[in-house]
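Let's walk through this model together, from one side chain outwards. Keep the viewer open and follow along.

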Amino acid sequence: MNKKWWIGLLFLLLQAGGAEAQELQAKVVVMANQVGSRVDRKVFTTLQNAITNFLNNRKWTKETWQPNERINCNFFINIQNALDGNTYQATLTVQAARPVYNSSYESPLVNFIDENLIFRYVEFQQLEFNENRVTGNDPLVSNLTAVLAYYVNIILGMDGDSFALKGGEPYFIKAQNIVNNSPDSRDILGWKAFDGQRNRYWLMENLTSARYNLIHDALYTYFRQGLDQFYEKEVEARKAVLSALQLFNTINSEIPNSMILPFFFQGRASELSKMFKKSSPEEKAQALDLLSRLDITNANTYKLELR
């Protein structure tokens, strides 16, 4: 075999292998300002690095992702209390965004604070997750990776739904599997229906129940037929976004107080206000009416921006 030909083939194979990337480009921050000095601060640095590796270096799907397709996301863990037995209580803020076609803008996919994170961690402990054995040997140890894996699949699902109709379904089902097999302990909250109205259980339920099928139509319409078309077809794109809002409104009318609506609208008021600022008076009035009902927290912002 010609030596130069072989070297060239090897180079191409290496390039092809290097083109495959993991799904996430996650930035992780672990804050522990509220924890007393009895805990060595190096533990939290080690934990931050371990979570970063867990999120970014694990293969979460069977798909091939290019480096530029990785989803930008943030995981912010604010440790509020250090308990006995290397156990910590914390909140987890999860943020993710996807690029809008023909622009440098990224639209939010997830912007959520989970108030109920409790886990056990010993420095240099391996972070392990097995979707066939979510609960592991120690529920408090397993709860950290179960929660992280759950939100990874929510991010992948929201991203998938934004590019193809029901494109996120496989990942929402994986999130459902984590919920159904979640670590169980009297100190662990967020996985059960009775743990509250805005938790991991209800988010999963809203994204997998047939009652909420319109959610997936709304997400696809909003992102793919709306935002992604703004550069080339602004008028049509704005109408598509309005159609998505009408779908969200149908859900809100049929199933009031669902979790998915505030989950979707969290951190989106600025984006929506800018989209409808150039609308006709009639379209602007329609948008204002819908947004004031769907995103009550930001109703005054919409009134001010879309008057």
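Which residues does histidine 216 touch, not counting residues up to four places away in sequence? The list is Asp161, Leu165, Lys166, Phe172 and Leu207, where contact means heavy atoms within 4.5 Å. Before going on, a bit of housekeeping: this is a predicted model, so local features need pLDDT of at least 70 and side-chain atom pairs count only at pLDDT 80 or more, while totals for chains, interfaces and linings use all residues. Residues are numbered from 1 along each chain as its sequence is written, and side-chain values use heavy atoms, with hydrogens and water left out.

Histidine 216 sits in helix 6; helices (H or I, at least four residues) and strands (E, at least two) are DSSP runs, numbered from the N terminus. With a relative accessible area of 6%, histidine 216 is buried. The cut-offs here are under 20% relative accessible area for buried, over 50% for exposed, and partly exposed in between (1.4 Å probe, protein chains only). Helix 6 has plenty of buried company for this histidine, including Ile215, Ala218, Leu219, Tyr222 and Phe223. Its 14 residues reach 19 Å from first C-alpha to last, close to the 20 Å expected at 1.5 Å a residue; that expected span is 1.5 Å times one less than the number of residues.

Phe172, one of the residues touched by histidine 216, takes us to helix 4 (residues 169-180), which has 12 residues and reaches 16 Å end to end between C-alpha atoms, close to the expected 16 Å. The buried residues of helix 4 are Tyr171, Phe172, Ala175, Ile178 and Val179. Look down the axis of helix 4 and these buried residues fall within an arc of 110°, so they line one face of the helix; the arc is that of the directions from the helix axis to the C-beta atoms. What covers them includes helix 3, helix 5 (200-208) and helix 6 (213-226).

Now for the sheet. It is an open one of 4 strands, in the order 1-2-3-4, with mixed pairing; two strands pair if DSSP finds at least two bridges between them. Strand 1 (24-31) and strand 4 (106-120) are the edges, each pairing on one side only. From one strand to the next, the twist averages 15°. Helix 3 (residues 139-163) packs on this sheet and touches strand 1, strand 2, strand 3 (87-99) and strand 4, with its direction at about 165° to that of strand 4. For such angles, axes are lines fitted to C-alpha atoms (for helices, over the stretch in contact), and values run from 0 to 180 degrees between N-to-C directions. As background, strands of a sheet pair through backbone hydrogen bonds, either parallel or antiparallel. Strand 1 and strand 2 (residues 71-83) go for the parallel option, over 8 bridges, and lysine 27 has asparagine 74 in strand 2 as its bridge partner.

Where does the nonpolar core come in? The largest one has 93 residues, and Phe75 and Ile79 have the most contacts inside it. A nonpolar core is a set of buried Ala, Val, Leu, Ile, Met, Phe, Trp, Tyr and Cys residues joined through side-chain atoms within 4.5 Å. Helix 3 supplies the largest share of this core, 13 residues. Leaving aside neighbours within four places in sequence, the contacts of isoleucine 79 include Val30, Met31, Phe44, Leu47, Tyr88 and Phe119.

Next, the loop between strand 2 and strand 3, home of asparagine 86. Its phi is near 55°, a positive value in a residue other than glycine, and at 38% relative accessibility asparagine 86 counts as partly exposed. Asparagine 257, in the loop between helix 7 and helix 8, also isn't a glycine, yet has a positive phi of about 60°. At 67% relative accessibility, asparagine 257 counts as exposed.

Last stop: helix 10 (residues 281-294), whose end C-alpha atoms are 20 Å apart, in agreement with the 20 Å that 14 residues should span. Glu283, Lys284, Ala287, Leu290, Leu291 and Leu294 are the buried residues of helix 10. They fall within an arc of 135° seen down the axis, so they line one face of the helix. Turned away from that buried side are the exposed residues Pro281 and Glu282. The buried residues of helix 10 pack against helix 7 (234-254), helix 8 (260-265), helix 9 (269-276) and helix 11 (299-305).
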